[in-house]
Amino acid sequence: GYMNAAAPMGATDSSGNNDFSSTNNQEAGVDEADIFQVDASHAFALHNDRLVIVETTGTAREVADLPLGGAGIEMLLTGNRLAVITGIRHEEASALYANAESIPSRSGDSPLVRVTIYDVTDRSQPRVLRDISIEGEYLATRRVDRQLHVVARAVLGGPELKPPSDGVNLSDWYDEQSERITAANLDQWLPYVYSRGGSDSNAT
């Protein structure tokens with residue numbers, strides 16, 4: 001199935017002249033993510049698992065170099081808000097979000113798409129405002145107005161089912177698997193969304 005998670009980007013600033021080139025967008029009013037973003041005074045780049053910010057006025061100089069804690073995929077810049085999309089695994093999520101490790105049905109290898117919202121008002125000191133991870137493989141990100149839409153493809157969950165072993169009575173095996181499916185709650189089927197902002201940390 002597909003998951004589409006929308007997150008507010010927060011307030012934006014409207015100051016400054018747009019005398020710089022920006023990412024080419026396919027639709028008016030719909031911003032697309034990229035590995036490189038610029039504004040009137042800075043360039044933002046994803047390099048492997050790091051976010052690098054370079055001041056471009058005068059002599060170019062690096063003002064920030066941050067580890068992302070995952071493989072950088074894309075990002076979107078809106079005023080003083082920077083949304084960085086990274087790929088992580090469930091085992092990494094358990095270290096980030098308080099309740100993630102308590103979900104036994106999730107594999108340590110399962111991929112997640114993590115979105116970290118930074119306040120970059122001070123370009124040399126990006127500050128994390130919020131981060132959200134959704135189970136699945138990354139497909140796309142778009143920003144419309146102040147809403148960030150992230151689309152990920154996740155497999156359907158469900159209870160752990162056992163393949164039939166040699167010599168097993170197939171009727172009994174079928175009944176046992178049917179009982180497991182019937183007893184499973186909705187949480188076992190749907191992809192998880194993890195979020196953290198300030199002191200908030202939870203899994204849903």
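## Ser133, a buried serine

Ser133 is buried, with a relative accessible area of 0%. That value comes from a predicted model, so keep that in mind as you read on. The cut-off for calling a residue buried is under 20% relative accessible area, so Ser133 qualifies at 0%. You'll find Ser133 in strand E10, which covers residues 127–135.

What does the side chain of Ser133 make a polar contact with? The partner is the side chain of Tyr97, at 2.7 Å. Tyr97 also turns up among the residues that Ser133 touches, once residues up to four places away in sequence are set aside. The rest of that list is Ile88, Leu112, Val113, Arg114, Tyr192, Val193 and Tyr194. Then there's Leu96, which sits 37 residues from Ser133 along the chain; the C-alpha atoms of these two are separated by 9.8 Å.

## The chain as a whole

Zooming out, the chain has 204 residues, and 36% of them count as buried. Its secondary structure comes to two helices and 14 strands. Take the contacts between residues at least 6 apart in sequence: 53% of those join residues at least 24 apart.

As for surface, the chain exposes about 11,600 Å². Carbon and sulfur atoms supply 49% of that area.

## A four-stranded open sheet

Now for one of the sheets. Strands E3, E4, E5 and E6 form an open sheet in the order E3-E4-E5-E6, with antiparallel pairing. Strand E3 (36–38) and strand E6 (61–67) stand at the edges with a single partner strand each, so one side of each has no neighbour in the sheet. From one strand to the next, the twist averages 15°. As a general reminder, strands of a sheet pair through backbone hydrogen bonds, either parallel or antiparallel.

Starting from the E3 edge, three bridges join E3 to strand E4, which spans residues 42–47. Here Gln37 stands opposite Phe44 in E4. Moving on, E4 and E5 are antiparallel and joined by six bridges. Ala45 has Val52 in E5 as its bridge partner. Another six bridges join E5 to E6, again running antiparallel. In that pairing, Val54 stands opposite Glu62 in E6.

## Two hairpins

How many residues lie between E4 and E5 in their hairpin? There are two, and Asn48 in the turn has a positive phi of about 55°.

E5 and E6 form a hairpin as well, with five residues between them. In this turn, Gly58 is the residue to look at, with a positive phi of about 70°.

## Glu55, at the end of E5

Glu55 belongs to strand E5, which runs over residues 50–55. Is Glu55 buried or exposed? With a relative accessible area of 18%, Glu55 is buried. The cut-off matters here: buried means under 20%, so the 18% of Glu55 puts it in that class.

The side chain of Glu55 makes a polar contact with the side chain of Thr57, at 3.1 Å. Leaving out residues up to four places away in sequence, Glu55 touches Ser41, His42, Ala60, Arg61 and Val63. His42 falls within E4, given as residues 42–47, while Arg61 and Val63 fall within E6, given as 61–67. So Glu55 in E5 has contacts reaching into strands on both sides of it in the E3-E4-E5-E6 order.

Definitions and conventions. Residues numbered from 1 in each chain as written. Predicted model: local features only at pLDDT ≥ 70, side-chain atom pairs only at ≥ 80, totals over all residues. Heavy atoms only, no water. Buried < 20%, exposed > 50% of the residue type's maximum accessible area, 1.4 Å probe, protein only. Polar contact = N/O pair within 3.5 Å; in protein donor to acceptor, adjacent residues only side chain to side chain. Contact = heavy atoms within 4.5 Å. Areas by Shrake-Rupley, 256 points an atom, 1.4 Å probe, with all protein chains shown as cover. Pairing = 2+ DSSP bridges. Axes fitted to C-alpha atoms, helices over the stretch in contact; angles between N-to-C directions.
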